[in-house]
Amino acid sequence: DIVVIHEDLDLELGQIVVEKGGETNNHPGIASIITSLRSPHFIRIRSGVRNQSFKAKSKNAFLKDDFL
């Protein structure tokens, strides 16, 4: 099995979700992995990164900014 750990802006900071399969949810890294594997069937560990500063920034600015 393949396990992928990635950030997720839909989850609050520190929240963890483990799942198998699913959609890309507009995550370019996950889309790339699905394309390379030719399958969405792998284990994902989604790690929440959304915090209070996210509301005041665009998604791209938030992801490129200093985290803590």
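Which residue in β3 is the bridge partner of E19? The legends below address this point within a predicted model.

**Figure 1. Pairing of β2 with β3 in the predicted model.** The bridge partner of E19 in β3 is R44. Strands β2 and β3 run antiparallel and are joined by five bridges. Strand β2 covers residues 16-20, and β3 covers residues 43-50.

**Figure 2. Pairing of β1 with β3.** Here the two strands run parallel, and seven bridges connect them. One of the paired positions is V3, whose bridge partner in β3 is I43. Strand β1 extends over residues 3-12.

**Figure 3. The open sheet formed by the three strands.** The strand order is β1-β3-β2, and the pairing is mixed. Strands β1 and β2 form the edges, each pairing on one side only. From one strand to the next, the twist averages 30°. The mixed character of the sheet can be followed in its two pairings: β1 and β3 run parallel, whereas β2 and β3 run antiparallel.

**Figure 4. G14 in the loop between β1 and β2.** The loop that holds G14 connects β1, residues 3-12, with β2, residues 16-20. G14 counts as exposed because its relative accessibility is 56%, and the cut-off for that class is over 50%. Although G14 and R50 are 36 residues apart along the chain, their C-alpha atoms are separated by 8.6 Å. R50 belongs to the residue range of β3, 43-50.

**Figure 5. The chain as a whole, shown as context for the close-up views.** Two helices and three strands are present in the chain. Along the sequence, these elements follow the pattern β-β-α-β-α. The chain has 68 residues, of which 25% are buried. Its accessible surface comes to about 4900 Å², and carbon and sulfur atoms contribute 53% of that area. Among the contacts with a separation of 6 or more, 65% are made by residues 24 or more positions apart. The pair V3 and I43, bridge partners from β1 and β3, can be located within this overall arrangement.

Key:
Residues numbered from 1 in each chain as written. Predicted model: local features only at pLDDT ≥ 70, side-chain atom pairs only at ≥ 80, totals over all residues. Heavy atoms only, no water. Helix = DSSP H or I, 4+ residues; strand = E, 2+ residues; numbered from the N terminus. Buried < 20%, exposed > 50% of the residue type's maximum accessible area, 1.4 Å probe, protein only. Pairing = 2+ DSSP bridges. Axes fitted to C-alpha atoms, helices over the stretch in contact; angles between N-to-C directions. Contact = heavy atoms within 4.5 Å. Areas by Shrake-Rupley, 256 points an atom, 1.4 Å probe, with all protein chains shown as cover.
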